[in-house]
Amino acid sequence: MARHKSKTLTDGELRLMDRLWNRGPSSVRDVWSGLPEEDRAAYNTVQTMLNILVDKGYVERRKEGRAFVYEALVSKASARTKALGRLTAQLFGGSKRELLVNLLSEETDAEELDELRRLLDEAKRRREGGAS
């Protein structure tokens, strides 16, 4: 049976996207050479993964001279939102409340809780149409 293609980023794809987000438009060689040596896949593997990212709609590819240049089409913030939405749907039945309860079940210090309360209050004011 064929493996189900992930619409979100795999760990390996995320490493390549991080390189594109940080560096901007890059050739395969630029992406490949910028990966940490201990983490670096073969050049052809990086090329294949970049083409998969093109197929998934995360990256565009264009020819410049003899090389292809790859550029992120999706922002890091957008990719985070998509991945978090998928995680929330899969593990928490789509409930943001359950996600937060699970996150806060770990030891959270008072300073972090204060910051989270401030952010929640700010989000509530924006939703109610007030100034932040």
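Which residues in H4 meet Lys96, Glu98, Leu99 and Asn102 in H5? They are Leu84, Thr88 and Phe92. This is a predicted model, and the contact between H4 and H5 is a good place to start reading it.

**Two helix pairs**

H4 and H5 pack at an angle of about 90 degrees, and their axes are 9 Å apart. Angles from 65 to 115 degrees count as roughly perpendicular, so H4 is roughly perpendicular to H5. The residues of this contact divide into three nonpolar, two polar and two charged.

A second pair is formed by helix H1 (residues 11-23) and helix H3 (residues 43-56). Here the packing angle is about 85 degrees, with the axes 10 Å apart. H1 is therefore roughly perpendicular to H3. On the H1 side, the contact is made by Gly12, Glu13, Leu16, Met17 and Leu20. H3 brings Val46, Met49, Leu50, Ile52, Leu53 and Lys56. These residues divide into eight nonpolar, one polar and two charged.

The table sets out both pairs.

| Helix pair | Packing angle | Axes apart | Contact residues by kind |
|---|---|---|---|
| H1 and H3 | about 85 degrees | 10 Å | eight nonpolar, one polar, two charged |
| H4 and H5 | about 90 degrees | 9 Å | three nonpolar, two polar, two charged |

**Salt bridges**

How many salt bridges does the count come to? The count is 11 salt bridges. One pair is Asp18 and Lys76, whose side chains meet in a salt bridge at 3.2 Å, N to O. This pair links distant parts of the chain. Asp18 lies in helix H1, while Lys76 lies in helix H4 (residues 76-92). The two residues are 58 residues apart. H1 thus appears twice in this account: it packs with H3, and its Asp18 pairs with Lys76 of H4.

**A nonpolar patch on the surface**

Which residues make the nonpolar surface patch of about 590 Å²? They are Leu100, Leu103, Leu104, Leu113, Leu116, Leu119 and Leu120. Two elements give two or more residues to the patch: helix H5 (96-104) and helix H6 (110-127). H6 gives the most, with four residues. Leu120 of the patch lies in helix H6. H5 also has a part in the contact described at the start, where its Lys96, Glu98, Leu99 and Asn102 meet H4.

Notes
Residues are numbered from 1 along each chain as its sequence is written. This is a predicted model: local features need pLDDT of at least 70, side-chain atom pairs count only at pLDDT 80 or more; totals for chains, interfaces and linings use all residues. Side-chain values use heavy atoms; hydrogens and water are left out. Axes are lines fitted to C-alpha atoms, for helices over the stretch in contact, and angles run from 0 to 180 degrees between N-to-C directions. Angles under 35 degrees count as roughly parallel, over 145 as roughly antiparallel, 65 to 115 as roughly perpendicular and the rest as oblique. Contact means heavy atoms within 4.5 Å. Ala, Val, Leu, Ile, Met, Phe, Trp, Tyr, Cys and Pro count as nonpolar, Asp, Glu, Lys and Arg as charged, and the others, Gly among them, as polar. Patches are made of residues with over 30% relative accessible area and no salt bridge: like charges are joined within 9 Å, nonpolar side chains (Val, Leu, Ile, Met, Phe, Trp, Tyr) within 5 Å. Accessible areas come from the Shrake-Rupley method with a 1.4 Å probe; for residues, only the protein chains shown count as cover. A salt bridge is a side-chain nitrogen of Lys or Arg within 4 Å of a carboxyl oxygen of Asp or Glu.
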